[in-house]
Amino acid sequence: LTFSRQTSEERAPLFLHIITREAMKFLRASLPATIEIIDSVDVHTGAIFANATQIHQVIMNFCTNAAQALPPGGGTIEVRVEDVDISMKKQGVYSRLSPGPYVALSVHDTGHGMEEHIIQRIFDPFFTTKSPGEGTGMGLSVVHGIVASHGGAVKVESRPGHGSTFTAYFPRVEKGKVPEKSVAEPLPEGKESILFVDDEEGVRRFGEALLPRLGYRVTFCANGVEAVEKFETNPKAFDIIITDQIMPKMTGEEVASRVSRLRPGVPIILFTGFSDQISEERMEKSGITEIVMKPIIAVDFAKRLRMVLDR
């Protein structure tokens with residue numbers, strides 16, 4: 001449906017490195033320990049104008065394919081995000097891209113690699129090298145459609161026995177410039193006190209850039225243990241808790257349970273990329289008020305936050 005749909009999806013300026021780091025968290029939890037994931041993500045890259053859910057889909061597809069290309073004994077997947085400037089000279093190498101600033105997402109694996117005739121067909125719908133029942137052959141076709149619809153392109157480099165590298169290029173948004181199609185929407189504001197918990201620096205920076213600007217008072221914590229300790233010192237100091245789910249030492253669900261025991265009824269928003277992990281029964285038991293699926297853009301998050309506080 002994504003591949004064939006011609007309508008425009010909701011897009012906004014976003015940082016590719018934040019969504020990439022979130023996808024890598026999911027991968028670390030789901031892939032075998034024999035697979036090493038190398039984080040080469042530059043957290044200072046510029047923004048792109050994109051649909052967050054579709055970008056997440058591109059990253060997950062690249063990484064899943066990379067994992068499936070590795071031998072049974074394991075191997076290495078390197079994920080890189082970096083700013084790239086394509087000049088007129090380089091345009092021959094990147095024939096589908098106009099000269100200008102881009103943000104590049106690349107995933108390299110140390111798997112079996114591909115022959116040239118396979119590379120030529122890799123984006124064809126329903127073409128797959130997997131065994132029956134293991135794939136539809138639509139994944140990379142969808143990726144190609146998503147990247148192309150964002151004004152970018154995908155480049156594949158591979159040799160038999162030397163692994164593969166898939167790179168997606170997305171036009172970079174220059175500072176202060178947003179495509180004319182986007183209409184600025186006023187974000188709901190507030191004066192409440194927030195305890196914001198996430199182990200990813202990029203996500204904390206997202207919160208730091210957004211929430212104080214909307215009038216909120218925010219205390220940031222890098223892990224669940226630190227957050228619970230701060231809450232214990234003064235449980236009435238915070239109007240709402242916003243916590244990531246997958247964190248070292250203590251999960252977001254555990255944070256919710258601990259703070260709910262200290263102050264029953266305190267609103268808690270849980271960030272997660274795992275859609276089917278927490279049932280309504282578990283939410284109620286741990287005191288979680290609302291689950292927000294990653295990735296999420298600023299306007300949606302601001303609305304959900306205000307909705308929970310008002311409710």
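Colleague: Hey, which side chain does Glu192 join up with in a polar contact?

Modeller: Arg306: the two side chains make a polar contact of 2.9 Å. By polar contact I mean a pair of N or O atoms within 3.5 Å, where, within protein, one must be able to donate a hydrogen and the other to accept it, and residues adjacent in sequence count only if both atoms are side-chain atoms.

Colleague: Anything I should know about the model before we go on?

Modeller: It's a predicted model, so local features need pLDDT of at least 70 and side-chain atom pairs count only at pLDDT 80 or more, while totals for chains, interfaces and linings use all residues. Residues are numbered from 1 along each chain as its sequence is written, and side-chain values use heavy atoms, with hydrogens and water left out.

Colleague: Cool. Where does Glu192 sit?

Modeller: Glu192 is in the loop between β7 (164-173) and β8. Those labels are DSSP runs numbered from the N terminus: helices are H or I with at least four residues, strands are E with at least two.

Colleague: And what else is Glu192 in contact with?

Modeller: Skipping neighbours within four places in sequence, Glu192 is in contact with Tyr216, Arg217, Asp239, Arg306 and Leu309. Contact here means heavy atoms within 4.5 Å.

Colleague: Let's zoom out. How many helices and strands does the protein have?

Modeller: Nine helices and 12 strands. Of the 311 residues, 49% are buried, where buried means under 20% relative accessible area, exposed means over 50%, and partly exposed is in between (1.4 Å probe, protein chains only).

Colleague: What share of the contacts join residues at least 24 apart?

Modeller: Among contacts between residues at least 6 apart in sequence, 70% do that.

Colleague: OK, the core. Which members of the largest nonpolar core touch the most other members?

Modeller: Leu16, Phe62 and Ile77, out of 42 residues. Helix α2 (residues 52-69) gives the largest share of this core, with nine residues. A nonpolar core is a set of buried Ala, Val, Leu, Ile, Met, Phe, Trp, Tyr and Cys residues joined through side-chain atoms within 4.5 Å.

Colleague: What does Ile77 touch?

Modeller: Not counting residues up to four places away in sequence, its partners include Leu31, Ile35, Cys63, Ala66, Leu70 and Val107.

Colleague: Back to α2: is it mostly covered or mostly open?

Modeller: Mostly covered, with 13 of its 18 residues buried. From first C-alpha to last, α2 reaches 26 Å, close to the 26 Å expected at 1.5 Å a residue. That expected span is 1.5 Å times one less than the number of residues.

Colleague: Which residue caps the N-terminal end of α2?

Modeller: Asn51, with a side-chain oxygen 3.2 Å from the backbone nitrogen of Thr53.

Colleague: You listed Cys63 earlier. How many disulfides are there?

Modeller: Zero, taking a disulfide as a pair of cysteine sulfur atoms within 2.5 Å. Cys63 is buried at 0% relative accessible area, and Cys221 is buried at 1%.

Colleague: And α5, which of its residues are buried?

Modeller: In α5 (residues 201-210) they are Gly202, Val203, Arg204, Phe206, Gly207 and Leu210. They pack against α1 (16-30), β8 (193-197), β9 (217-221), β11 (268-272) and α9 (298-310).

Colleague: What about Glu201, how accessible is that one?

Modeller: Glu201 is also in helix α5, and it counts as partly exposed because its relative accessibility is 46%. Glu201 and Cys221 are 20 residues apart in sequence and 10.0 Å apart in space, C-alpha to C-alpha.

Colleague: Why does Phe271 count as buried?

Modeller: Because its relative accessible area is 2%. Phe271 is in strand β11, and its C-alpha is 6.0 Å from that of Met293, 22 residues apart along the chain.

Colleague: Last one! What's up with the phi of Lys249?

Modeller: Its phi is positive, about 75°, although Lys249 is not a glycine. Lys249 lies in the loop between β10 (240-244) and α7 (252-262), and it is exposed, with a relative accessible area of 70%.
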